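Reader: I'm new to protein structures and would like some help reading one. Could we go through it feature by feature?

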2 protein chains.
Amino acid sequence: MSKKLFLLLSLITLSVSLCMAQAQTVIEDFKPSSVNQGGKEFPQVNSEGCVRVQLSAPEAKMVQLDIGAVKYDLTKDENGVWTGESAPQDVGFHYYQLNIDGSSVPDPGSLYFFGAGRWGSGIEIPSDDQEFFALKDVPHGELREVQYFSKSSDKVRRAYIYTPPGYHKDNSKRYPVLYLQHGMGENETGWGNQGHANLIMDNLIAEGKAVPFIIVMENSSVKFERPARNADADSTQSRPKGPMGGFDFAGEFKNVLLNDLIPYVEANYRVIDNSKNRAMAGLSMGGMQTRIITLANPDVFSQVGMFSGGSVSMEDIENAPDFKKNVKLLFISYGSRELENPRRGPWGDPKENTAALKEAGMNTHFYVSEGTAHEWHSWRRSLYQFSQLVFKN
Amino acid sequence: MSKKLFLLLSLITLSVSLCMAQAQTVIEDFKPSSVNQGGKEFPQVNSEGCVRVQLSAPEAKMVQLDIGAVKYDLTKDENGVWTGESAPQDVGFHYYQLNIDGSSVPDPGSLYFFGAGRWGSGIEIPSDDQEFFALKDVPHGELREVQYFSKSSDKVRRAYIYTPPGYHKDNSKRYPVLYLQHGMGENETGWGNQGHANLIMDNLIAEGKAVPFIIVMENSSVKFERPARNADADSTQSRPKGPMGGFDFAGEFKNVLLNDLIPYVEANYRVIDNSKNRAMAGLSMGGMQTRIITLANPDVFSQVGMFSGGSVSMEDIENAPDFKKNVKLLFISYGSRELENPRRGPWGDPKENTAALKEAGMNTHFYVSEGTAHEWHSWRRSLYQFSQLVFKN
């Protein structure tokens with residue numbers, strides 16, 4: 001056995017041992033996850049954030065819960081039902097899967113979400129602040145599935161468009177618009193399904209905390225893109241791959257956004273079509289795309305948000321002086337657990353960068369989501385904060 | 001072994017033998033299904049309509065494909081990859097699942113659809129006429145996810161609302177509206193995801209074959225109801241069960257529809273709010289609900305469609321004379337395979353019933369979907385036919 005392999009196996013053993021120790025002291029207050037399929041008792045979550053799954057597989061040799069990059073062994077009872085728990089997970093939303101005798105499959109108990117390049121299981125670990133994206137009896141906007149022809153892609157593409165409550169009441173009113181991007185391995189359904197962007201906005205608008213605006217969500221991935229329904233099956237195979245596989249930095253998606261999507265939205269929705277009322281934001285890869293596209297097009301977007309997706313440095317500003325001049329809001333955010341192990345990337349420390357730009361006179365905000373990592377709860381909170389600042393200057 | 005058990009086992013053996021015979025003569029022109037997840041090679045369909053699935057499960061003892069109420073055994077290769085085929089399936093859409101060592105799970109290769117009371121795998125067997133629901137470069141309407149407060153249910157409910165192309169262009173134009181119901185074990189997502197109602201309408205309107213109208217899709221099940229996202233998790237458990245479990249004949253859904261949904265739609269969308277411009281239709285259970293609700297409320301709906309969901313008899317009309325007087329279109333349809341083994345139900349033969357009403361002076365239509373059974377392709381075709389007739393008299 002090589003030294004490297006030995007080290008790897010030791011790490012795996014250590015990790016599994018910790019999980020098993022965890023499982024022995026688990027608190028027995030498990031409740032079905034809020035994103036289970038109707039009537040399904042499992043998966044469940046307890047007050048520590050441990051996930052318990054259960055599956056009937058009488059003939060299986062081994063069943064595992066695969067969550068947070070750790071596989072937890074389940075145990076089988078006399079009826080062939082397998083049960084097991086994970087270690088505590090951070091609050092918020094996590095993708096996971098089950099593994100039955102070597103086969104990774106979705107949990108038949110959960111609802112399904114598009115992430116990690118697939119439709120698969122998700123679970124919600126309750127948080128103290130989850131009221132901000134809860135479904136309440138307030139006026140609701142609409143989340144519209146829209147098909148439009150993209151000349152850059154030479155095909156019909158799908159977007160989701162959130163229109164705020166009252167959009168169809170007053171036909172003389174026009175709205176600002178936010179172009180909001182998902183992360184790598186996700187698609188245009190992410191901000192609605194996992195992010196609850198529509199409910200975050202409905203609640204903020206009901207409380208008078210946000211200017212009502214339209215949100216446009218499109219698919220900025222190349223590799224993972226695929227409509228969730230209908231016949232347009234060959235849409236992705238023919239498109240060029242970006243430098244990081246699914247990561248299309250600023251190539252085709254920039255063309256789709258600037259040449260097709262924005263003109264479509266401005267021709268078909270009551271938006272205010274100037275840069276003062278046009279925002280771009282995104283999470284992770286979507287934040288990095290926002291960074292590249294807005295630095296290169298400060299005449300198009302005056303409001304910019306990057307959620308766990310890099311920051312803007314003084315050097316960037318020197319290369320793009322119009323960005324400093326025209327951008328009226330620059331919002332940078334991270335989960336606190338991300339900052340514990342900073343991913344500075346090529347752009348330097350995001351907090352220092354953002355402070356330096358503020359010092360230089362820009363309206364910048366740096367937000368930290370406490371207790372969360374590179375995951376959806378960081379981004380829901382980021383949208384909640386960003387939406388209270390945007391289009392107010 | 002009892003005689004009954006022996007007979008049952010013989011039938012199972014016969015059925016499996018037929019499938020295996022089928023598999024031996026399978027035509028090797030399999031292609032990935034049009035409703036696969038992006039980039040997934042399996043499941044596949046060949047020109048005979050056989051379904052081939054493939055799954056890596058190195059440690060599994062047995063893997064099966066479960067489709068059309070038959071379980072087909074897969075075989076394992078030296079790499080632990082299981083592969084197998086079904087017998088030929090009817091054209092159109094079918095729910096299916098995989099079974100790994102006794103555990104029924106979704107196929108990680110397919111997109112997921114809500115049917116049979118769960119989110120699970122679906123497959124599309126190509127048909128000669130699939131162009132009528134294909135995604136084309138024509139003007140597209142929108143499929144809107146809408147939340148509204150229902151007093152009858154005392155909660156926020158979800159509906160999907162299709163608005164035709166051009167709806168937001170001319171704010172003086174008002175539209176007829178169709179309330180369109182899914183079947184048992186399905187929900188408000190079915191007509192969009194499996195039925196492609198929006199694409200059927202976009203294509204018909206582009207060809208000038210249908211009057212543009214709004215379609216409203218809500219959840220008329222009790223047992224299986226559950227929002228696909230967000231926090232409203234306890235919505236179903238508290239509601240009374242109908243006489244057939246999930247089948248809420250005309251109880252709470254009637255109240256939701258008449259007292260909450262129609263008033264919401266008429267207050268918030270540009271619809272023509274009279275019975276002449278109000279239609280109700282549905283498939284299977286939704287057809288039977290349409291039957292009960294429209295017979296009892298002929299002052300509300302003048303256009304009625306029942307797809308594989310019963311018919312209206314002369315006796316019904318005698319008990320509801322206003323139905324005969326007010327209803328301007330009665331459309332009844334079935335898949336031809338359903339009529340081979342007629343399910344007449346308590347309402348008599350649907351074709352004879354419909355002919356008798358025509359004879360009596362009603363504008364009735366009886367449509368048969370050739371080569372399809374009690375499945376979505378029958379209902380897509382029914383909607384395609386119905387939509388060309390509705391709101392024209």
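**Reading the contact, the strands and the salt bridges**

Author: Let's start where the chains meet: chain A and chain B bury about 5100 Å² between them, 53% of it on carbon and sulfur atoms. Buried area is the accessible area (1.4 Å probe) that two parts lose on being put together, summed over both. Before we go on, this is a predicted model, where local features need pLDDT of at least 70, side-chain atom pairs count only at pLDDT 80 or more, and totals for chains, interfaces and linings use all residues. Residues are numbered from 1 along each chain as its sequence is written, chains are lettered from A and ligands numbered from 1 in the order in which they are written, and side-chain values use heavy atoms, with hydrogens and water left out.

Reader: How many residues does the contact take from chain A and from chain B?

Author: The size of an interface is often given as the accessible area lost when the parts come together, but you can count residues too. Here, 59 residues come from chain A and 59 residues from chain B, where contact means heavy atoms within 4.5 Å.

Reader: How many residue pairs are in polar contact between chain A and chain B?

Author: There are 16 such residue pairs, both residues at pLDDT 80 or more. A polar contact is a pair of N or O atoms within 3.5 Å; within protein, one must be able to donate a hydrogen and the other to accept it, and residues adjacent in sequence count only if both atoms are side-chain atoms. On the side of chain A that touches chain B, the elements giving two or more residues include strand E3 (51-56), strand E12 (142-150) and helix H4 (252-268) of chain A. Helices (H or I, at least four residues) and strands (E, at least two) are DSSP runs, numbered from the N terminus. The largest share of that side, seven residues, is from E12(A). Its residues divide into 24 nonpolar, 22 polar and 13 charged. For that split, Ala, Val, Leu, Ile, Met, Phe, Trp, Tyr, Cys and Pro count as nonpolar, Asp, Glu, Lys and Arg as charged, and the others, Gly among them, as polar.

Reader: In which sense do E12(A) and strand E12 of chain B pair?

Author: Strands of a sheet pair through backbone hydrogen bonds, either parallel or antiparallel. E12(A) and strand E12 (residues 142-150) of chain B are antiparallel, over five bridges; two strands pair if DSSP finds at least two bridges between them. Look for A:Val146, which stands opposite B:Glu142 in E12(B).

Reader: And inside one chain, which strands pair with E15(A)?

Author: Strand E13 (residues 155-163) of chain A does so in the antiparallel sense over three bridges, with A:Tyr160 and A:Met217 as bridge partners. Strand E14 (residues 177-181) of chain A pairs with E15(A) in the parallel sense over three bridges, and there A:Val177 faces A:Ile214.

Reader: Which way do the residues of strand E15 point?

Author: A:Ile214 and A:Val216 point one way, A:Ile215 and A:Met217 the other, and all are buried. Buried means under 20% relative accessible area, exposed over 50%, partly exposed in between (1.4 Å probe, protein chains only).

Reader: What is the order of the open sheet of five strands in chain B?

Author: The order is E1-E2-E3-E7-E6, with antiparallel pairing. At the edges sit strand E1 (31-32) and strand E6 (75-76) of chain B, each pairing on one side only. Within the sheet, strand E3 (residues 51-56) and strand E7 (residues 81-85) of chain B share five bridges, and B:Ser56 is the bridge partner of B:Val81.

Reader: How many salt bridges does the structure hold over all chains?

Author: Side chains of opposite charge can pair when their charged atoms come close. The total is 28, a salt bridge being a side-chain nitrogen of Lys or Arg within 4 Å of a carboxyl oxygen of Asp or Glu. Between chain A and chain B there are two, one of them joining A:Glu142 and B:Arg144, with the closest N and O atoms 2.8 Å apart.

Reader: Are the partners A:Arg52 and A:Glu28 buried or exposed?

Author: These two side chains meet in a salt bridge (2.7 Å, N to O). A:Arg52 is buried, at 12% relative accessible area, whereas A:Glu28 is exposed, at 57%.
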